[in-house]
Amino acid sequence: MSHTSLSTARRPGSLKGATLPKWFSWAVAAGSVALGLAVSAAAGLDSSVQWALIAALLFVAGSYGISARVEGRRQAKDRVATSLIWVAFLLAVVPLASLVYETVRRGTKVLDGHFLTHSMGVVADTETGGGIYHALLGTLEQVGIATAIAVPLGVLTAIYLVEYGRGRLAKAITFFVDVMTGIPSIVAGLFVLSLWIVVLGMGYSGFAGSMALAILMLPVVVRSTEEMLKLVPNELREASLALGVPKWRTILKVVLPTSVGGITTGVMLAVARITGETAPLLLLVWVTNFINPNPFQDPQASLPVYIYLQYANSGGSGAAYDRAWAAALVLIAFIMILNLVARGIARWKAPQAGR
């Protein structure tokens, strides 16, 4: 048999059937892309999405057809499943990569030190210049206050549910946490607006927005912390209690240190989840082009609202349009840094595997 053959012949008495080489999938993928482009050109299709879908269908069909002929239907079904996973992966990654590329390409036009250290106080939306310092400061303060409110409440709630929670109260808390997980951000903003501003008569402020963000952040912190606490082996708790250590001290000195990596990761992901919220901030914080370092008084800017206003006032082009893309790039970079920090902490605090 030739060495260039796609299949390997079955030896006499061997239970191992014919197999395709490792480069088979790459060859089918390249052929599918070429055929997809050819079909798209012949049919006069201008959209890149259309030829990509054609190539994906050809890739799955080609993998099954050739594999079924050489390796058998059982192995062919396995290859089809693998092919579908790769196609789904590309369908998820390609839009994300395109979004990041487009944001970087457009956002770097005006992103510099001046843009990060100046506000829009005396700059009109149609003029060049200005920056996001006031919005960046507002976002950091609002997210920081929301984290300070939600993290202690969320961690303590999770500790109660895992370590102490029994009966109707624990079931009720679990139910309401599940309900809060699906609450739209605008509903949280309306709740704080009606209670804090309409009923109590407090004005627009960064703190009002932080309370709405804390409501959105709380169920994420509770759920992630609860799952991390459940992963702590019961043997650790039992060993500590057997030594006469009180339960509260066991939780403080044994359970929490063991799960601190996962808890921190959940908190960072919750922070990343609320950083880009716009609707509650439009209702509660309002807008301003000036620097307001006091989150407890007067309207305060924020990055998501800044991006929305700059784009809305740009008409799809001009200086405001460039500022909107640059602010979006800063916001994406901030969220990506938070996710990288969360992954780093998770690896750093992960329990070491024993021998």
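These are my notebook entries on selected helices, buried residues and ring pairs in a predicted model.

**Entry 1. Helix H1**

I began with H1, which covers residues 24-43 and has 20 residues. I looked up its end-to-end reach: 28 Å from the first C-alpha to the last, close to the 28 Å expected at 1.5 Å a residue. I then asked which residues of H1 are buried. They are Phe24, Val28, Ser32, Gly36 and Ser40. Viewed down the axis of H1, the buried residues lie within an arc of 125°, so they line one face of the helix. That face packs against helix H2 (48-70) and helix H3 (73-107). For the other side of H1 I noted Trp26, Ala41 and Ala42 as exposed. After H1 comes Gly44, and I recorded its phi as positive, near 75°.

**Entry 2. Helix H3**

I repeated the span check on H3. Its 35 residues should span 51 Å at 1.5 Å a residue, and the end C-alpha atoms are 50 Å apart, which agrees. The buried residues I listed for H3 are Ala76, Arg79, Val80, Ser83, Val87, Thr103 and Gly107. What covers them includes H1, H2 and helix H13 (319-348).

**Entry 3. Aromatic pairs**

How many aromatic pairs does the structure hold? I found 7. One of them joins Trp86 and Phe89, with 5.9 Å between centres and 90° between planes, which is edge-to-face. Trp86 and Phe89 are 3 residues apart in helix H3, so about one helical turn separates them. I checked whether these two are buried or exposed. Trp86 has a relative accessible area of 48% and is therefore partly exposed, since exposed would need over 50%. Phe89 is also partly exposed, at 44% relative accessibility. Phe175 and Phe176 form an aromatic pair as well, again edge-to-face, at 5.5 Å centre to centre and 70° between the planes. I also noted a cluster in which ring pairs link Trp196, Phe207 and Phe296.

**Entry 4. A charge over a ring**

I looked at what lies over the face of Tyr164. Lys247 does, at 4.7 Å from the ring centre.

**Entry 5. Arg237**

I placed Arg237 in helix H9, residues 234-242. Is Arg237 buried or exposed? Its relative accessible area is 11%, so Arg237 counts as buried, the cut-off being under 20%. I then looked for what its side chain meets. A polar atom of the Arg237 side chain lies 2.9 Å from the backbone oxygen of Leu229. Leu229 is also among the contacts of Arg237 once neighbours within four places in sequence are left aside. The others on that list are Val162, Glu163, Val232, Thr250 and Val255.

**Entry 6. Ala214**

I found Ala214 in helix H8, residues 206-230. With a relative accessible area of 7%, Ala214 is buried. Which residues is Ala214 in contact with, leaving aside its neighbours within four places in sequence? I listed Ala146, Ile149 and Ala150. I also looked up the C-alpha to C-alpha distance from Ala214 to Val151, which is 8.6 Å. In sequence, Ala214 and Val151 are 63 residues apart.

How values were computed
Residues are numbered from 1 along each chain as its sequence is written. This is a predicted model: local features need pLDDT of at least 70, side-chain atom pairs count only at pLDDT 80 or more; totals for chains, interfaces and linings use all residues. Side-chain values use heavy atoms; hydrogens and water are left out. Helices (H or I, at least four residues) and strands (E, at least two) are DSSP runs, numbered from the N terminus. Buried means under 20% relative accessible area, exposed over 50%, partly exposed in between (1.4 Å probe, protein chains only). A polar contact is a pair of N or O atoms within 3.5 Å; within protein, one must be able to donate a hydrogen and the other to accept it, and residues adjacent in sequence count only if both atoms are side-chain atoms. Contact means heavy atoms within 4.5 Å. The expected span of a helix is 1.5 Å times one less than its number of residues. The arc is that of the directions from the helix axis to the C-beta atoms. Rings of Phe, Tyr and Trp (its six-membered ring) pair if their centres lie within 6.5 Å; planes under 30 degrees apart count as stacked, over 60 as edge-to-face and the rest as tilted. A charge sits over a ring if NZ of Lys or CZ of Arg is within 6 Å of the ring centre and within 35 degrees of the ring normal.
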